[in-house]
Structure formats: C-alpha cells, structure tokens
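These are my notebook entries on a structure that I looked up. I record each point in the order in which I checked it.

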Amino acid sequence: MPWCAPCEKNWTPTSLTSAGTCPDCGEPVEPTPGVDHAPQIYRPPWHFWLGLAAATIYLGWRAIDGLLLLF
Ligand SMILES: [Zn+2]
C-alpha cells in the first residue's frame, strides 16, 4: 500500500495522482514500511490434485459406462 511519509498516511493505489504521487502534498509515495510487498505465489495443496485426479477417473469411467449402455 502506498505510504506518504510527510502526511503519515496510507493511500490506495487508485487515489494517487496519475504521476504516482501523493494527492495531498505531491510528494512521491513509497511502499508501507514494515510490510512485505513481495508477490505471493499461490500453489494449490496436494489434495486438490488428488481430488481432481479422482474426479477425472470417475467421470471418465461414467462416460465409458454410459456409452456401453447404448449397445
Ligand atoms: Zn502526502
């Protein structure tokens, strides 16, 4: 979140000016001190892939079973 040191205020990214400066004092803003701004990479848990594999196998079997009913 953008932090303006002279105003001691956090701004939302959309409330900044088009140049990326503070709308009150015009000073350049910086990331909030003490906050980790590294992007968080989301990885699904292992049981998501287990569930996805189980659903794929089950639905694949149901599709084959349904086709066999036609003959
Ligand atoms: Zn300011």
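In what order do the elements of the protein run from the N terminus on? I read the order as β-β-β-α. I counted 1 helix and 3 strands in the protein; both kinds of element are DSSP runs numbered from the N terminus, with at least four residues of H or I for a helix and at least two of E for a strand.

**Entry: basis of the model.** I note that this is a predicted model, in which local features need pLDDT of at least 70 and side-chain atom pairs count only at pLDDT 80 or more, while totals for chains, interfaces and linings use all residues. I number residues from 1 along each chain as its sequence is written. The pLDDT is the predictor's confidence in each residue, from 0 to 100. I found a mean pLDDT of 90 for the protein, with 100% of its residues at 70 or more. Among the elements, β3 has the lowest mean, 82, and α1 the highest, 97.

**Entry: overall form.** I looked up the radius of gyration, which is taken over C-alpha atoms and set against a globule rule of 2.2 Å times the number of residues to the power 0.38. The protein has a value of 26 Å, well over the 11 Å that the rule gives for 71 residues, so it is more spread out than a compact globule. Along the principal axes, its C-alpha atoms fill a box of roughly 80 × 25 × 15 Å. I noted two domains, domain 1 (1–33) and domain 2 (43–71), with bounds from an automatic or database domain assignment. Their centres, taken over C-alpha atoms, are separated by 51 Å.

**Entry: burial.** I call a residue buried if 20 or more other C-beta atoms, placed from the backbone, lie within 10 Å of its own, exposed if 12 or fewer do, and partly exposed in between. Of the 71 residues, 4% count as buried.

**Entry: the sheet.** I found that 3 strands form an open sheet in the order β2-β1-β3, with antiparallel pairing. The strands β2 (9–10) and β3 (30–31) stand at the edges with a single partner strand each, so one side of each is left without a neighbour in the sheet. Strands count as paired if DSSP finds at least two bridges between them. Strand β1 (residues 2–4) pairs with β3 over 2 bridges, and W3 stands opposite E30 in β3.

**Entry: the loops.** I located E8 in the loop between β1 and β2. Although E8 is not a glycine, its phi is positive, at about 55°. E8 is exposed, with 7 other C-beta atoms within 10 Å. In the loop between β3 and α1 I found A38, which is exposed with 5 other C-beta atoms within 10 Å. A38 and T14 are 24 residues apart along the chain, and their C-alpha atoms are separated by 20 Å.

**Entry: the helix.** How many of the 23 residues of α1 are buried? The number is 0, so α1 lies largely in the open. I compared its end C-alpha atoms, 33 Å apart, with the expected span of 33 Å, and the two agree; the expected span is 1.5 Å times one less than the number of residues. Helix α1 (residues 46–68) includes A53, which counts as exposed with 10 C-beta neighbours inside 10 Å. From A53 to N10 I noted 43 residues in sequence and 45 Å in space, C-alpha to C-alpha.
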